[in-house]
Amino acid sequence: MKPTPPAASMNAESVMPGREEHAPAEAAGPDAGRRLEKVILRLVKGGPERLAIEAGQADAIIDPANGTVILLPEVQRQARNRHIGSALDGLTAHIAVLDPAGVVLAANKTWRDAAATRQTRIGPGVAVGASYLAACAAADGSERVDGIAIAAGIRQVIAGERRHFRYDHACASPAGPRWFTLSIRGVADDPPARAVVYCEDVTERKRGESLLALEHAVARCLADAGNAPAALKAVIRAVCETQGWDCGRYFRLDPAAGVLRHEESWGVPTAAVEQFLEKSRDLVVRPGAGLKGRVYQTGQPLWIRGGAQDADLSQTALAPGTDMDGAFAFPVMSEDQTIGVLAFSHHTVRAPDDRMLQTVHSIGSQLGRFLQRQQALDTLRRNEARFRKLTELSNDWYWEQDRDFRFTQSVGHGILGAGEVLGRTLWELPNIVTDDDEWVTHRSHLDARWSFCDLEFAAVRPDGQLSYYCINGEPTYDEAGTFTGYCGTGLNITDRKLAEIALRERAACSLAASGPVSG
Amino acid sequence: MSRKKPAPAATTVVMCLYIAEGGPNSVQAIANLEAICKEHLPDRFKLEIIDVIQHPLRALADGIVVTPSLAKLSPSPTARVVGNLSDKSSVLRALGLRG
């Protein structure tokens, strides 16, 4: 026979009574007390019921007048305690009561569960009946200072030197570091209890804050970086330092070859990490091969927990003899396309939670957009350099004017040096030789925003000789359609002009030499 | 030569224990009765436990006013013990297991 839930029955031939009746036990209060006295007085003096009550062996009395169940005071107190206990057990915070020696007298379910699984050494890892102070004193490593501080706080509260002690601390646990906010309050009116410990696991909140800070750090890295390599290094470093990982590498997609190639990396300055990163520099990863290849193929983050054995992912198994037997990789995306993979290595790599996945998605997207933008800028810069080279090689020059027709740019072999041209209109240049009527006509074309072609004019060179030029231009507008000026090209036509002049002069000489023709 | 007393027929004892759920004396009564049944009535008892908070009228109809109360219903004679059943000899007497 085992203790059986009341309201049922037990043994091999149990009978479940019907629920034909239900009268809640009467609540405590003056009325209940008076009614209880009256019912007791009606019981036969010296009878078994009266004797059981007098011996403290009764829990409840049923009023024969109406069937109301009246709980005896002790049962009522225990019922209240039970309800409070249930409420405390329902809380997610760890709650315990300490005696004057710092021994855990009682604890709620969350605390007891944590103690049963030994999730931490200090804090909720202390079992009921064990000394919290002793656990604090036994803390070592990174928890030693916390243990000393908490023990001092507990002693002060127990001694009544302070009413409240609050402390934030981290604990090592098999599932990684956990953060707690500890609050200890003195208890004066319930001996032997002397202090109540309220310990809240704030790991999720701390982790969320840490990941949010990481997202902001990545955004700052990208804003400050002048180029893609600097940005990649800064982002990898920010992730490593926030997560406590040893190193990270970026593998860029080579679209022509269809493979991933090592592009950039950062690692803590240890010989093993540096050696590992050095070996990675020539690494080429095919889609689907290893962790990085799978990430590229699926477009999803993947990881290998530290200490895990996965022969299929052996390509990511890191340098033997190091702590880097865990890896985490996620895609770098731009416009829904994977353009690279970031891979990090350390033994503390664990299965990421939703918040971590959200963060790496954000980092992968931010970085992807940045890299694509940088690539576009690089292409633009290369094109511009090529264009400059071409204009330098030719006789032509390229020019731009603002809305007042002042030169803002002159590239190539222009009329004068760029410094003398910039900020002036064509007709304000001091060495231009042409008549005013031509300028009036040309300006009317400009005011009408017409394109112009083969506008020829002459300029006096420093040696006093004339040079001849021909320019073409067309108006420019911004995205809103507002006129912004002119741009165009120019050509030095001095040789052609001089040849024409020489030809005309020779023709004139020939005509003069031949003399008048007489008939 | 000693004369052996014939063993009593294995009669099933039918009982009813009235309790108030969670009450300390009720919990104690269940534990005490469990120990007695295990020792003296292995496999020959039938027990119904009634929580008077849930079934007050049933208890009242059975003449129960105080919990915990144990009622022996059969075999005759019927008997009743009020309290947490810590007095083992009283319980055994009521159940007809000791004279």
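What follows is a walk through the predicted model of a complex, covering confidence, a helix and sheet in chain A, chain B, and a few backbone oddities. Residues are numbered from 1 along each chain as its sequence is written, and chains are lettered from A and ligands numbered from 1 in the order in which they are written. Since this is a predicted model, local features need pLDDT of at least 70 and side-chain atom pairs count only at pLDDT 80 or more, while totals for chains, interfaces and linings use all residues.

Confidence comes first. For the complex, the predictor gives an ipTM of 0.87 and a pTM of 0.52. Chain A has an average pLDDT (the predictor's confidence in each residue, from 0 to 100) of 82, with 85% of the residues scoring at least 70. Helices and strands here are DSSP runs, numbered from the N terminus (helices are H or I with at least four residues, strands are E with at least two). In chain A, strand E10 (residues 259-267) has the highest confidence, at a mean of 94, and strand E1 (residues 9-10) the lowest, at 40. Residues 1-21 of chain A stay under 50 in pLDDT, and the model gives them 41 contacts beyond four places in sequence; two residues are in contact if their C-beta atoms, placed from the backbone, lie within 7 Å. The pLDDT is also below 50 over residues 310-321 of chain A, a stretch with 21 contacts beyond near neighbours in sequence.

Next, helix H6 (residues 144-158) of chain A. The expected span of a helix is 1.5 Å times one less than its number of residues, so the 15 residues of H6(A) should cover 21 Å, and the end C-alpha atoms are indeed 21 Å apart. A residue is buried if 20 or more other C-beta atoms lie within 10 Å of its own, exposed if 12 or fewer, and partly exposed in between, with C-beta atoms placed from the backbone. In H6(A), the buried residues are A:Asp146, A:Gly147, A:Ile150, A:Gly153, A:Ile154, A:Val157 and A:Ile158. Seen down the helix axis, these buried residues fall within an arc of 135 degrees (taken from the directions from the axis to the C-beta atoms), so they line one face of H6(A). Their cover includes helix H5 (132-138) and strands E4 (94-98), E6 (164-171), E7 (178-186) and E8 (195-201) of chain A. After H6(A) comes A:Gly160, with a positive phi near 80 degrees.

Several of those strands belong to an open sheet of 5 strands in chain A, in the order E5-E4-E8-E7-E6 and with antiparallel pairing; two strands pair if DSSP finds at least two bridges between them. E5 (104-107) and E6 of chain A stand at the edges with a single partner strand each, so one side of each has no neighbour in the sheet. From one strand to the next, the twist averages 25 degrees. E7(A) and E8(A) run antiparallel and are joined by 7 bridges, and A:Phe180 has A:Asp201 in E8(A) as its bridge partner. Helix H4 (residues 109-116) of chain A packs on the sheet, touching E4 and E5 of chain A, and its direction makes about 90 degrees with that of E4(A). For these angles, axes are lines fitted to C-alpha atoms, for helices over the stretch in contact, and angles run from 0 to 180 degrees between N-to-C directions.

Helix H14 (residues 494-513) of chain A also fits its expected length: its 20 residues should span 28 Å, and the end C-alpha atoms are 28 Å apart. H14(A) is hardly covered, though, with 0 buried residues.

Chain B has 3 helices and 5 strands, running β-α-β-α-β-β-β-α from the N terminus. Of its 99 residues, 46% are buried. The mean pLDDT of chain B is 87, with 90% of its residues at 70 or more. Over residues 1-7 of chain B, however, the pLDDT is below 50, and this stretch has 0 contacts beyond near neighbours in sequence.

Finally, the backbone oddities. Most residues other than glycine have a negative phi, and most peptide bonds are trans. In chain B, a cis peptide bond joins B:Ser74 and B:Pro75, and another joins B:Ser76 and B:Pro77. B:Pro75 lies in the loop between strand E4 (69-74) and strand E5 (79-82) of chain B. In chain A, A:Glu335 has a positive phi near 50 degrees, and A:Asp454 has one of about 55 degrees.
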